[in-house]
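Grab a pencil and work through these exercises with the structure open beside you. Each task comes with a solution that goes step by step.

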Amino acid sequence: VPSAREPEVPALPLVNLGSRGEVCPQRCLVTVLGEEDGLQLTTTYVFSVRVGDLFGFSAWSEPSSGVKLVVPPPILHPGLAVEDAKLRAREVTQSSFCIEWPQFMPAVHPGIP
């Protein structure tokens, strides 16, 4: 059983400096955290953010609602007939076969990019 450890949040620069020391515009910083950073898929996390520039940092945002970092279960199209929603074996031989299944719909709720 791997030991639990605190997630490691990457250090992001406050600003990007150009070749002559000028501050380059930045509109958005994005970081991705995952299992390799110590996050556990079965744990609920709460997030807050703050921004900073050459003059200081903002206050922390209000905490998010709890979020579990899991892949949503697959969803079949609601209009799919029961017969079409099944696994189907085809090209069955003594040593192999092919299985077909209907395409799943992508998750469309907030938080899924």
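**Exercise 1.** Find which residues Arg 88 touches, leaving out those up to four places away in sequence.

*Solution.* Keep in mind that you're looking at a predicted model. Start with the location: Arg 88 is in strand 7, which covers residues 88-90. Next, look for heavy atoms within 4.5 Å. With residues up to four places away in sequence set aside, Arg 88 touches Cys 98, Ile 99 and Glu 100. Now check the backbone for one of these: the C-alpha atoms of Arg 88 and Cys 98 are 8.2 Å apart, with their positions 10 residues apart along the chain. Finally, Arg 88 has 36% relative accessibility, so it counts as partly exposed.

**Exercise 2.** Work out which residues are joined into one network by salt bridges that share partners.

*Solution.* The general idea is that side chains of opposite charge can pair when their charged atoms come close. The cut-off to apply is 4 Å, from a side-chain nitrogen of Lys or Arg to a carboxyl oxygen of Asp or Glu. That gives three salt bridges.

- Take Lys 86 and Glu 83: their side chains meet at 3.6 Å, N to O. Lys 86 is partly exposed at 40% relative accessible area, while Glu 83 counts as exposed at 53%.
- Go on to Glu 91 and Arg 90, where the closest N and O atoms are 2.1 Å apart. Glu 91 is exposed, with 52% relative accessibility, and Arg 90 is partly exposed at 34%.
- Then take Glu 100 and Arg 90, with 2.5 Å between the closest N and O atoms. Glu 100 sits in strand 8 and Arg 90 in strand 7, so this pair ties together parts 10 residues apart in sequence. Glu 100 is partly exposed, at 31% relative accessible area.

Put the shared partners together and you get one network of Arg 90, Glu 91 and Glu 100.

**Exercise 3.** Search the whole structure for aromatic pairs and decide whether what you find is stacked, edge-to-face or tilted.

*Solution.* The search turns up one aromatic pair. Its rings belong to Tyr 45 and Phe 47, with centres 6.5 Å apart and planes at 40°. Planes under 30 degrees apart would be stacked and over 60 edge-to-face, so this pair is tilted. As for cover, Tyr 45 is buried, at 16% relative accessible area, whereas Phe 47 is partly exposed at 35%.

**Exercise 4.** Which residues form a nonpolar patch on the surface, and where in the chain is Phe 104?

*Solution.* Collect the members: Leu 76, Leu 87, Val 92, Phe 97, Ile 99, Trp 101 and Phe 104. Together they offer about 730 Å² of accessible area. Phe 104 belongs to the segment after strand 8 (98-100). At 38% relative accessible area, Phe 104 is partly exposed.

**Exercise 5.** Step back and describe the protein chain: how many helices and strands are there, and what share of residues is buried?

*Solution.* Count elements: zero helices and eight strands. Then burial: 5% of the 113 residues count as buried. The accessible surface is about 10,000 Å², with 61% of that belonging to carbon and sulfur atoms. Last, confidence: mean pLDDT is 75, and 69% of residues reach 70 or more. Among the elements, strand 1 (residues 16-17) has the lowest mean pLDDT, 66, and strand 8 the highest, 90.

Methods:
Residues are numbered from 1 along each chain as its sequence is written. This is a predicted model: local features need pLDDT of at least 70, side-chain atom pairs count only at pLDDT 80 or more; totals for chains, interfaces and linings use all residues. Side-chain values use heavy atoms; hydrogens and water are left out. Patches are made of residues with over 30% relative accessible area and no salt bridge: like charges are joined within 9 Å, nonpolar side chains (Val, Leu, Ile, Met, Phe, Trp, Tyr) within 5 Å. Accessible areas come from the Shrake-Rupley method with a 1.4 Å probe; for residues, only the protein chains shown count as cover. Helices (H or I, at least four residues) and strands (E, at least two) are DSSP runs, numbered from the N terminus. Buried means under 20% relative accessible area, exposed over 50%, partly exposed in between (1.4 Å probe, protein chains only). pLDDT is the predictor's confidence in each residue, from 0 to 100. Rings of Phe, Tyr and Trp (its six-membered ring) pair if their centres lie within 6.5 Å; planes under 30 degrees apart count as stacked, over 60 as edge-to-face and the rest as tilted.
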